[in-house]
Amino acid sequence: MTEVRNNWTQDEIAEIYHSPLLDLIYRAATIHRENKDYSEVQISSLISIKTGGCTEDCAYCPQAARYNTGVEVHAIMPKHEVVAAAERAKAGGASRLCMGAAWREVRDNRDFDKVIDMVKAVNELDMEVCCTLGMLTESQAQRLADAGLYAYNHNLDTSEDDYKRIITTRTYDDRLKTLEHVRKAKITVCSGGIIGLGETVEDRISMLKTLSNLPKHPESVPINALVPVKGTPLADQPRVAIWDMVRMIATARIIMPRTVVRLSAGRTEMSTLEQAFCFMAGANSIFAGEKLLTTPNPAFADDMAMFELLGLTPRKAFKNGRPNEVKEVKEMSINEVIG
């Protein structure tokens, strides 16, 4: 079993990232296959429970109020609509539902109370529940944990050095503090980033270094390819090359061997063959369903056909235990934790 390390250097990760592509894929695939369940892929579904009107200035995001992107502002969804969406996702093959709200941070108000009720309701469907709601305090993270939240997503987006070019309305330290609060509440961590923002390769490597050198590796690391949206500052960015995605996924797999690496935004632009290379390089999670918050995504039926072709199987919910059991797992050493 590959050793889990939390002391990677920039040079070490760069050497991996820049290694000959076929060697890189082979190394990542070999590490991936040390896990007997390498053909299992976690299927998650992402829904927007509160859309648009966000006060942040994330340069890639169509939900920022300051950009004219055509996204309509919607108040928080009723619980019954969220449950119905979860039921559809489960019927399509998803084992996890992620609920996203276009907030800068969580506030202790009635909307947060509604989110707590949603978490409890989706748990009753025997699905893992994830939220991405912006910044959290310790007490808010604990409330989510007490409600049974399985995972919390809070992406770093890019490197610390590149961050101010993409977002000015919060700091990199703000992101890391939220991850600390999530860990303290014993909720599993989902944190990754986006490539294609105009960042350098060094920025990509630096972001992976930050993630891999956290006290515990995130249980889930999404690798997103930018989906340019008209009206945002990054609307004219070119499509990310598939081999850049493969290099990111393979490198993440090598330096975080037991983490679930998610092939996230940008899949609509990828062929089945291109996605197959990503799975070969170590991706073992996807978002399925027609939308990722506000951007297009492949439909469940298309993904199931791809799974059948590639010999992949959907991962069952709560493979590592339910929320109260997950807390016990995370008290173990990092070498015992499997993402």
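This is a short talk on two annotated cysteines, one helix and two helix pairs in a predicted model.

I will start with the cysteines. An unreviewed UniProt entry lists Cys54, Cys58 and Cys61 under "binding site". I will talk about Cys54 and Cys61.

Cys54 sits in the loop that runs between strand E1, residues 40–50, and helix H3, residues 79–92. Is Cys54 buried or exposed? Its relative accessible area is 10%, and the cut-off for buried is under 20%, so Cys54 counts as buried. Leaving out residues up to four places away in sequence, Cys54 touches Gln63, Ala64 and Ala65, and also Ala102, Trp103 and Arg104.

Cys61 is in the loop between E1 and H3 as well. Its relative accessibility is 18%, and Cys61 is therefore buried too. With residues up to four places away again left out, the contacts of Cys61 are Tyr67 and Thr232.

Next, helix H7, residues 172–184. How far apart should the ends of this helix be? H7 has 13 residues, and at 1.5 Å a residue the expected span is 18 Å. The span is taken as 1.5 Å times one less than the number of residues. The C-alpha atoms at the ends of H7 are 19 Å apart, which agrees.

Which residues of H7 are buried? They are Tyr172, Arg175, Thr178, Leu179, His181 and Val182. The elements covering them include three helices, H5 (138–147), H6 (163–166) and H8 (201–212), and two strands, E4 (151–153) and E5 (188–190). Just past the end of H7, Lys186 has a positive phi of about 65°.

Now the helix pairs. H8, one of the elements over H7, also packs against helix H9, residues 242–255. The angle is about 25° and the axes are 11 Å apart. Angles under 35 degrees count as roughly parallel, so H8 is roughly parallel to H9. The crossing is right-handed. On the H8 side, the residues in contact are Arg204, Met207, Leu208 and Ser212. They meet Asp244, Met248, Thr251, Ala252 and Ile255 of H9.

The second pair is helix H4, residues 110–123, with H5. Here the angle is about 30° and the axes are 9 Å apart. That makes H4 roughly parallel to H5, and this crossing is right-handed. H4 contributes Phe112, Asp113, Val115, Ile116, Val119, Lys120 and Asn123 to the contact. From H5 come Gln140, Arg143, Leu144 and Ala147.

Definitions and conventions. Residues are numbered from 1 along each chain as its sequence is written. This is a predicted model: local features need pLDDT of at least 70, side-chain atom pairs count only at pLDDT 80 or more; totals for chains, interfaces and linings use all residues. Side-chain values use heavy atoms; hydrogens and water are left out. UniProt positions are given in the numbering used here, feature names are shortened, and annotations may be inferred rather than shown by experiment. Helices (H or I, at least four residues) and strands (E, at least two) are DSSP runs, numbered from the N terminus. Buried means under 20% relative accessible area, exposed over 50%, partly exposed in between (1.4 Å probe, protein chains only). Contact means heavy atoms within 4.5 Å. Axes are lines fitted to C-alpha atoms, for helices over the stretch in contact, and angles run from 0 to 180 degrees between N-to-C directions. Angles under 35 degrees count as roughly parallel, over 145 as roughly antiparallel, 65 to 115 as roughly perpendicular and the rest as oblique. A crossing is left-handed if the near helix is turned anticlockwise from the far one by less than a right angle, and right-handed if clockwise.
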